[in-house]
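Reader: I would like a close look at a single part of this protein, the annotated binding site. Please take its residues one by one, and then go through the backbone around them.

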Amino acid sequence: MTVDLTNVFQQIDGDFDNLKELLREAVAIQSVSGDPSKRDETIHMIHWMKEKLEQIGTTCELADLGTQELEGKTVKLPPVLLGTLGTDSAKKTLLVYGHLDVQPAAKSDGWDTEPFELVEKDGKLFGRGSSDDKGPVLCWLHAIRAAQKNNIELPVNIKFCFEGMEESGSVGLPELLEREKDRFLAGVDFVCISDSYWLGTKKPCLTYGLRGICSFFVEVTGIKQDLHSGVFGGVIHEPLQDLMWVMAQLTTVDNRIRIPGLYDQVAPLSAAEEKTYDDIEFDVTEFRESVGASKLPTEDKKTLLLRRWREPSLAFHGIEGAFYGPGEKTVIPSKVIGKFSIRIVPDMDPETVNRLTVEYLNKVWAERGSPNTFKPRPGHSAKPWVVDVNDSNFLAGARAMKRVHGVEPDRIREGCSIPITLTFQELTGKSVLLLPLGAADDMAHSQNEKNNKWNYVEGVKTLLAYIMELGSA
């Protein structure tokens, strides 16, 4: 039996001020997990959310993860918040995952507003974490509160797993979940994560695939200390020159990867799968304008989406040891480390990708002929993930999206990596649904991150509808 949520949805619309206030409180907590000076704030964020969950009747516990070494300091890891709402053995159980930590942010980075102060402007809620991932996490809280306020019985038990280290590699979480496989994770029937985005800004979607990742470090050294470029320029082999040359050999101007054998691992594209890309609503012009690009490597919709979701890509992230501040510093750095990553897709294996990449880097280095010391090495990696779009969990999400938005959501893959998705799937043996709430232009990880007021409110409705749809899944 389908519960009529019309009046509840109207109440949610009218409750925006309360929804906004809770998001304002959350954004104000500077839970930057990668910054040791913000670690207390990150831990505070977990406790803040624990209090909010307990207010709706959730039984909570904090799982200690111990400590980590960060920037030469031993710091305490934020605990993982595990919560249980409902223990009715006659009902199925939904596991909800989210993260409460955020990326670094400062107004001097190019923000128009203070990043840790929620600012509403032109129907947009600006603030670090407003979209990634505090806003979506709070949508779960608001959805359950709305049901309770209207005496609507939830058709499923709900378990929560909220962490504070996702932006720093989810340190300690996979090991904790492995230990909790036969306790906290026991009896889970569905898993849902709202930590991804719509393909555009107008039409909702559901995500059934993610790319994995292989990260790399390339270190070049050659002199014992930084040197004055006026005194020593032209008479030594400069490590930064070598590094920039090597990194430039990894891709072509149209973003194709030059590493031999890499594309050979990609799973073949069937005609049936290729056809699904024809009906996906995606505006290439809007996409190009949203990222501020004058031209894209390809402006064909299908080719662009395939490259974004279905093919590997290589991106450069920075050079450690090189001067990057404003003004001039005319030195020759003694040691530099280039950083890049390759997003991988089915059927690419991280170990094979690591081997092929390091082999290619060494080959290119030999061609360079420099006497400097060259050390390429792999960093962390994560496998790609795909799920069956006809799974009952996925179909419940699709029904919920259509119920709220009035249209059938697009089925999409995503180019990013959420490694914990595969962890949950393997440990529970159940389907994981990625249910995006934010718009494609929310600028997660970037300056001026925002959550549209409309997406925030409709996100609450969508999650409530999804919970109710699981009753017949």
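Author: The UniProt annotation "binding site", from an unreviewed entry, covers H99, D132 and D195. These residues are spread over 97 residues of sequence, yet they cluster in space, with a largest C-alpha distance of 8.3 Å. The model is predicted, and the annotation comes from the UniProt record.

H99 is a convenient place to start. It lies in strand β5, which spans residues 92-99. The relative accessibility of H99 is 0%, so this residue counts as buried; the cut-off for buried is under 20%. Leaving aside residues up to four places away in sequence, H99 touches D132, D133, K134, V137, E163, E166, E167 and D195. Both of the other annotated positions, D132 and D195, are therefore among the contacts of H99. The side chain of H99 also reaches the backbone oxygen of D101, at 3.0 Å.

D132 is next. This residue is found in the loop between β7 (124-126) and α4 (134-149). D132 is buried as well, because its relative accessible area is 6%. Not counting residues up to four places away in sequence, D132 touches H99, D101, V102, E167, D195, Y197, A444, H445 and E449. E167 and D195 appear in this list and also in the list for H99. One contact of D132 is polar: its side chain pairs with the side chain of H445 at 3.1 Å.

The backbone at D132 deserves a remark. A cis peptide bond joins D132 and D133, with omega about 0°. D133 is found in the loop between β7 and α4, and D133 is also one of the residues that H99 touches. Another cis peptide bond joins P346 and D347, with omega about 5°. The place of D347 is in the loop between β15 (335-344) and α11 (350-368).

H445, the polar partner of the D132 side chain, has its own backbone feature. H445 has a positive phi of about 75° although it is not a glycine. It lies in the loop between β19 (432-434) and β20. H445 is partly exposed, because its relative accessible area is 45%, whereas D132 is buried.

The loops that hold D132 and H445 are bordered by strands β7 and β20, and these strands belong to one sheet. This is an open sheet of three strands in the order β6-β7-β20, with antiparallel pairing. β6 (119-121) and β20 (450-452) are the edge strands, and each pairs on one side only. On average, neighbouring strands of this sheet are turned by 25° against each other, direction ignored. Three bridges join the antiparallel strands β6 and β7. In β7, K124 is the bridge partner of K121.

D122 lies in the loop between β6 and β7. D122 also has a positive phi, about 55°, although it is not a glycine. D122 counts as exposed because its relative accessible area is 70%; the cut-off for exposed is over 50%.

To put the site together: H99 in strand β5 touches D132 and D195, and D132 in its loop makes a side-chain polar contact with H445.

Conventions. Residues are numbered from 1 along each chain as its sequence is written. This is a predicted model: local features need pLDDT of at least 70, side-chain atom pairs count only at pLDDT 80 or more; totals for chains, interfaces and linings use all residues. Side-chain values use heavy atoms; hydrogens and water are left out. UniProt positions are given in the numbering used here, feature names are shortened, and annotations may be inferred rather than shown by experiment. Helices (H or I, at least four residues) and strands (E, at least two) are DSSP runs, numbered from the N terminus. Buried means under 20% relative accessible area, exposed over 50%, partly exposed in between (1.4 Å probe, protein chains only). Contact means heavy atoms within 4.5 Å. A polar contact is a pair of N or O atoms within 3.5 Å; within protein, one must be able to donate a hydrogen and the other to accept it, and residues adjacent in sequence count only if both atoms are side-chain atoms. Two strands pair if DSSP finds at least two bridges between them. Axes are lines fitted to C-alpha atoms, for helices over the stretch in contact, and angles run from 0 to 180 degrees between N-to-C directions.
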